[in-house]
Structures are given as C-alpha cells and as structure tokens.
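Q: I should like to learn how to read the features of a structural model one at a time. Could we work through an example together?

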Amino acid sequence: MNSNNRLLEVRNLKKWFGVERGIFKRSVSNIKAVDGVSFHINKGEILGLVGESGSGKTTIGKMLVGLLNPTQGTILFKDRDVSTMKRSRLGLKLQIIFQNPFSSLNPKLSVGTIIGEAVRLNNRTGDNKHAQENVMQATKRLLQTVGLPGHVVNDYPHQFSGGQRQRIGIARALAMDPELIIADEPVSSLDISIQAQILNLLSDLKDKYGLSYLLITHDLNVVRHVCERVMVMRNGKIVEEGVTSSVYNNPEHPYTEKLLSSIPELPL
Amino acid sequence: MLKYLIKRLLFMIPLILGISILTFTIIHLAPGSPVDMVTSMNPDVDANAKARLYSLYGLDKPLYLQYWDWLKRIVTLNFGDSFKDGRPVINKIAERLPPTLLLNVLSLGLIFFFALVIGVSSAVRQNTLYDKSMTVFVFLGFSIPMFWLALLMMLLFGIILGILPISGMRSVNYDMLSTAGKIWDLISHLILPVFVSAFGGLAYLSRYSRSSMLEVIRQDYIRTARAKGLPENTVIYKHALRNVLIPIVTLLGLSLPALISGSVIFETIFSWPGIGRLAYEAIMSRDYPVILGVSIIATALTLTGNLLADLTYAYIDPRVRYK
C-alpha cells in the first residue's frame with residue numbers, strides 16, 4: 001500500500017491518567033490507558049480493534065475524535081496533524097458511533113433536532129426559513145438512508161427500540177459527511193438479530209459513501225465477518241496486527257491465541 | 001389521569017380536616033383568650049361583661065361544639081369575622097395577599113435566576129476557585145440567620161448610609177407623591193426585604209442545580225453532542241440545561257405555597273403588611289378565626305402546590321404516568 005492511500009495515521013499515541021493523592025494532589029502514579037500505539041487506516045478499509053475491557057480501545061477512539069487529548073504522540077488525518085486543526089473541522093470528517101444507543105441520545109430533544117443540528121453544523125447554513133426547510137429535507141433523507149421512515153423527525157428517542165436508536169446514532173454521524181467513522185462497540189448492546197442488521201447497514205454505507213471504519217469491539221465473531229485487518233490490544237499496547245484471516249488462523253501472540261480460543265462455540 | 005386527579009383532590013379533604021383540628025386544639029391550649037386580650041387592661045370591665053363577650057364569641061360552649069360550628073361555616077367557605085375588629089376574615093386575608101405575593105414572586109424569581117446561573121456555572125467549572133467561592137457564598141446566605149442579616153442591612157442602608165427605607169411598604173407621604181415617585185417609593189421599600197430573602201434561599205436551589213448539572217454533563221448524550229463538534233456553549237445551554245430544568249420545575253411547583261403563606265418572622269421584622277404578619281398579629285391577640293383562616297388557606301395551597309408539581313412532572317416527562 002502506498003502512503004497516498006492512508007486516511008489516518010497514528011504514531012506512538014499515549015494517554016496516561018494521573019492518580020493523585022493527598023491534599024496537595026501529589027501525582028503518585030499513572031494509569032497507562034494507551035501506551036505507545038501506532039497504526040494506520042487506509043481509505044475504504046474496515047480496521048478492527050479488539051481487546052478485553054480496560055485494554056484502552058475506547059480511549060483510542062475518544063482521542064481520535066478529539067474527546068480526549070493525547071498525553072503524547074501524533075494523529076495524522078489525511079497527512080495533517082489533528083492537534084493543529086480546529087475541533088469543529090476535525091469533527092466533520094471524523095465521526096464516532098457510541099456503544100449504548102439508550103444513553104447516547106438526548107432524551108429531551110427530538111430526532112429531527114438531534115440530526116438536524118449536525119446537518120446545520122456541517123452545511124454552515126443560517127437559520128432562515130429556506131435553510132430550515134433544507135435541513136429538514138436533509139434530515140429526512142438521512143433517516144431513510146439508515147432505514148427509518150422520514151416522518152419520525154418529531155419523535156423522541158424513548159419511542160424507539162435499541163436497533164432503531166443505533167440507526168439514529170448512525171444517521172447523526174453521517175450528517176457530518178465523515179470520511180472515517182469510529183464505531184465504538186456499535187452492536188454490543190443489541191440483540192443478535194439486530195446486530196447483523198446494523199453491521200450490514202454499516203457495510204452498505206461504506207460502499208455507498210466510500211467510508212472507512214475503525215471498529216472497536218470485544219466480539220471476535222463480529223471482527224471476523226466485517227474487518228479486513230485487525231489489531232489486538234492488551235494493557236494499552238497493540239500486541240498483534242494483521243490481515244484478519246491470517247491473524248485468526250495463525251495467531252502469533254499467545255494472548256491472541258488465548259482470546260481466539262475463548263470464543264464460545266455452539267456444538268453443532 | 002382524571003381519575004388520579006379526583007383521587008388526589010379527595011385525599012386532600014381528610015388532610016385539611018386533620019390540620020384544622022390540630023390548629024384549633026393548639027390555639028385553644030395557648031394561655032389567654034381573645035376576651036382577656038380586650039379586657040384585662042381595662043378596669044371598668046366586670047365579670048358580667050366578660051361573660052357576655054364569651055357567649056358573643058361562642059367561647060362558652062364546649063370545644064368540640066365550637067369546632068363543629070366553625071366547620072359548618074367553613075364548608076360554605078365562610079371564614080367568619082375577626083374577633084379583633086369584626087371585619088370578615090376573608091377580607092383581611094385578601095388585602096394582605098398582594099404585598100406578600102409581590103415580595104415573594106420577586107424574591108423567588110431572583111432565587112431561581114441566580115441559583116441556576118450559579119449552579120450551572122459552578123458545575124461547568126467544578127472544583128475550581130470559582131466553584132468553591134460560590135459554595136462558600138451560598139452557604140453563607142444559608143447559615144446567616146435572616147433576622148440578623150435583615151437588622152444589619154437596615155442599620156447599614158437605612159441608618160448609616162441613609163439611602164433606603166428601613167421597613168414597611170410605603171412612606172408616610174406616599175399619597176402626595178407623583179406616579180413615578182410612588183413607583184420608586186415601592187421599589188426602594190422592596191430592595192432590602194427581597195435581597196435578604198433571596199440571599200437566604202439561594203443555597204438550596206443552587207446546590208440542587210449544580211449537582212443536577214454535574215450529573216447531566218456526565219451523560220453519554222452530552223458526549224454525543226460534543227462529538228458532533230458543537231460549540232461548548234450549545235452543549236451546555238441547549239443539550240444539558242434542558243435536562244437540568246426538569247427537577248427544577250418540580251421544585252418551583254413545591255415552592256408555590258411559600259409564595260402565598262409568607263414568612264411570619266420576615267414580614268414582622270420588615271413590618272411588611274403581608275399574610276405572615278397578619279398571622280403573627282392574630283396569634284398575639286388570640287384572634288381565632290383569623291389564625292384558622294390563614295392556616296387553612298396555607299394548608300390548601302401547600303397541597304395544591306404538591307399536586308401541581310406532580311402533574312407538571314407527568315407532563316414534562318412522558319415516561320411518568322400516574323394511575
């Protein structure tokens with residue numbers, strides 16, 4: 001792969017959380033949530049990031065979209081250092097889908113507001129009547145893209161099921177016209193049957209809009225079905241990285257081997 | 001919903017009855033009777049005249065009969081006449097209501113406004129110097145006895161600086177003033193009582209909105225709003241504040257009765273011609289019908305306020321439905 005094809009490159013990324021004690025807030029030790037991680041994502045690629053809880057997967061996702069500031073290291077998005085970009089510019093091209101669709105939608109705002117707000121931010125339109133109508137139309141189109149009827153714009157999050165809410169979350173991320181979507185455990189709080197629907201939707205959207213994904217998950221089966229490449233993370237470090245099929249068939253690191261052997265299988 | 005409403009309204013009846021019985025018993029247990037208040041300082045009144053007064057007021061009958069007579073009148077909404085000046089109780093309350101309302105609406109408005117501002121701004125800057133000094137400030141207001149602060153303020157602004165009137169609602173020369181002068185006169189009389197009562201009430205609500213805000217800004221949907229790339233102000237004032245307001249609106253409903261019942265100590269210190277002072281004067285002169293009237297109205301309003309708060313809650317949050 002040549003470097004022109006690279007959408008995102010991460011070099012030696014670190015995030016340490018200080019542990020402070022006593023009245024003077026003396027820093028006694030650091031929790032190394034992410035400890036020197038380097039990887040890249042190519043255009044149109046789905047990269048899987050697996051690991052157990054607490055291994056630092058979500059912290060990486062949050063740093064990529066700018067919700068957390070890295071302690072050290074650089075994140076290059078299309079060869080530009082994101083720390084020099086404005087937060088709102090970065091937010092446009094790099095979006096995140098959260099794990100829990102029940103808590104990640106504001107219960108007091110209608111679906112139209114949640115998505116429309118992002119549309120407006122993306123288009124930088126004013127608040128006049130014509131612009132409002134355009135935003136409404138765009139919102140409805142987005143809802144249809146993710147498989148929801150357009151008329152639900154006036155409904156509130158509590159009126160939807162988990163799968164539908166995750167679709168709203170995806171529409172919200174799409175509203176910003178992103179090139180890379182960080183999907184942080186996008187299906188782990190959904191039923192198995194719904195999981196497949198959402199994963200299919202994500203892969204349809206990838207083809208339609210030329211998206212790339214970083215799929216953060218602890219579910220190794222999901223990775224096997226969806227991802228081209230996979231990284232295995234443990235204690236803030238990446239222990240193995242490679243093409244999914246070869247990692248699954250010939251794991252090099254003992255931890256990967258252990259993870260793979262712990263996949264529950266139904267005796268058929 | 002209607003069934004729930006009717007049930008709640010019916011439930012108010014035994015509560016009001018119980019409270020009226022308690023009030024009735026307590027004021028009759030208190031030493032001294034309304035007759036003593038009128039006669040004890042007058043050497044010309046003999047035992048005969050006293051007995052006539054007793055029977056005139058109906059105070060010679062057994063206590064339960066007195067209560068029964070009062071209750072029969074109250075169900076027709078007749079609160080009786082004051083023992084002190086013979087005027088209908090309901091008129092006395094009606095003329096004291098506007099000053100109390102004016103004072104309390106203003107101070108409650110100030111409390112809500114500043115409590116929200118202080119609460120939200122210190123939650124956003126949690127554990128900073130600003131947050132901590134606001135905490136000290138509101139608890140200062142909470143801890144200082146209101147009557148003492150009121151006296152200090154009177155001393156400072158009324159006597160040492162001489163820029164504000166000390167007490168009452170109107171100056172002696174009120175009737176001679178122009179319209180603008182009348183308005184200014186009222187405002188200048190309002191400043192001290194409104195400030196003192198608002199300062200004292202700030203702590204409760206501002207701490208409440210602070211902790212409520214802290215809870216909300218940790219929610220996932222706030223993280224979502226930030227991930228969209230929204231400006232921080234939009235995140236706080238649009239996404240978070242809306243969720244903070246719900247418990248606050250409920251609290252507003254709960255403070256409705258305080259709007260009307262007034263504060264006895266407060267209005268007495270500032271000689272404010274409101275309901276609280278009416279109650280104080282009535283108790284001092286053992287004016288039974290007025291005491292009972294004020295307490296019944298305060299009870300009814302408290303219960304209505306609670307009911308309104310519950311209904312507002314159901315209205316705002318679609319997930320709450322009463323059966």
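Q: How many bridges join β3(A) to β9(A), and in which sense do the two strands run?

A: This is a predicted model. In it, β3(A) and β9(A) run parallel and are joined by five bridges. One position to inspect is Gly51(A), which stands opposite Met233(A) in β9(A).

Q: Which strand pairs with β3(A) in the parallel sense besides this, and over how many bridges?

A: Strand β8 of chain A, residues 212–217, pairs with β3, residues 46–51, in the parallel sense over five bridges. Within that pairing, Val50(A) has Thr217(A) in β8(A) as its bridge partner.

Q: How do β9(A) and β10(A) run, and how many bridges join them?

A: These two strands run antiparallel, with six bridges between them. Val230(A), for instance, has Gly242(A) in β10(A) as its bridge partner. The two strands form a hairpin with two residues between them, where Asn235(A) takes a positive phi near 50 degrees.

Q: Is strand β9 of chain A mostly covered or mostly uncovered?

A: A general idea is useful for reading any strand: in a regular strand the side chains alternate between the two faces of the sheet. As for β9(A), residues 229–234, the strand is mostly covered, and five of its six residues are buried.

Q: In what order do the six strands form the open sheet in chain A?

A: The order is β6-β7-β8-β3-β9-β10, and the pairing is mixed. Strands β6 and β10 (237–243) of chain A stand at the edges with a single partner strand each, so one side of each has no neighbour in the sheet. From one strand to the next, the twist averages 20 degrees.

Q: Which helix lies across β6 and β7 of chain A, and at what angle does it run to β6(A)?

A: The helix is α5 of chain A, residues 162–174, which lies across β6 and β7 (180–184) and runs at about 175 degrees to β6(A).

Q: How should the packing of α3(A) and α5(A) be described?

A: Two packed helices are described by the angle between their axes and the distance between the axes. The axes of α3(A) and α5(A) come within 8 Å and cross at roughly 25 degrees. The two helices are therefore roughly parallel to each other.

Q: Which residues in α3(A) and α5(A) meet?

A: An α-helix has 3.6 residues a turn, so residues three or four places apart point the same way. On the α3(A) side the residues are Val111(A), Ile114(A), Ile115(A) and Ala118(A), and they meet Ile168(A), Ala171(A) and Arg172(A) in α5(A). By class, this contact has six nonpolar residues, no polar residues and one charged residue.

Q: How many residues of chain A are in contact with chain B?

A: There are 20 residues of chain A in contact with 16 residues of chain B. On the chain A side, the elements that give two or more residues are α2 (87–93), β6 (94–97) and α3 (111–123). The largest share, four residues, comes from α2(A). By class, this side has nine nonpolar, eight polar and three charged residues.

Q: Which residues are buried in helix α9 of chain B?

A: In α9(B), residues 220–227, the buried residues are Tyr221(B), Thr224(B), Ala225(B), Arg226(B) and Ala227(B). Just after this helix, Gly229(B) takes a positive phi of about 90 degrees.

Q: What does the secondary structure of chain A come to?

A: Chain A has nine helices and 10 strands. Of its 268 residues, 39% are buried. Among contacts in chain A with a separation of 6 or more, 68% are between residues 24 or more positions apart.

Methods. Residues numbered from 1 in each chain as written. Chains lettered and ligands numbered in written order. Predicted model: local features only at pLDDT ≥ 70, side-chain atom pairs only at ≥ 80, totals over all residues. Contact = placed C-beta atoms within 7 Å. Nonpolar A, V, L, I, M, F, W, Y, C, P; charged D, E, K, R; others polar. Pairing = 2+ DSSP bridges. Axes fitted to C-alpha atoms, helices over the stretch in contact; angles between N-to-C directions. Buried ≥ 20, exposed ≤ 12 C-beta atoms within 10 Å, placed from the backbone. Parallel < 35°, antiparallel > 145°, perpendicular 65-115°, else oblique.
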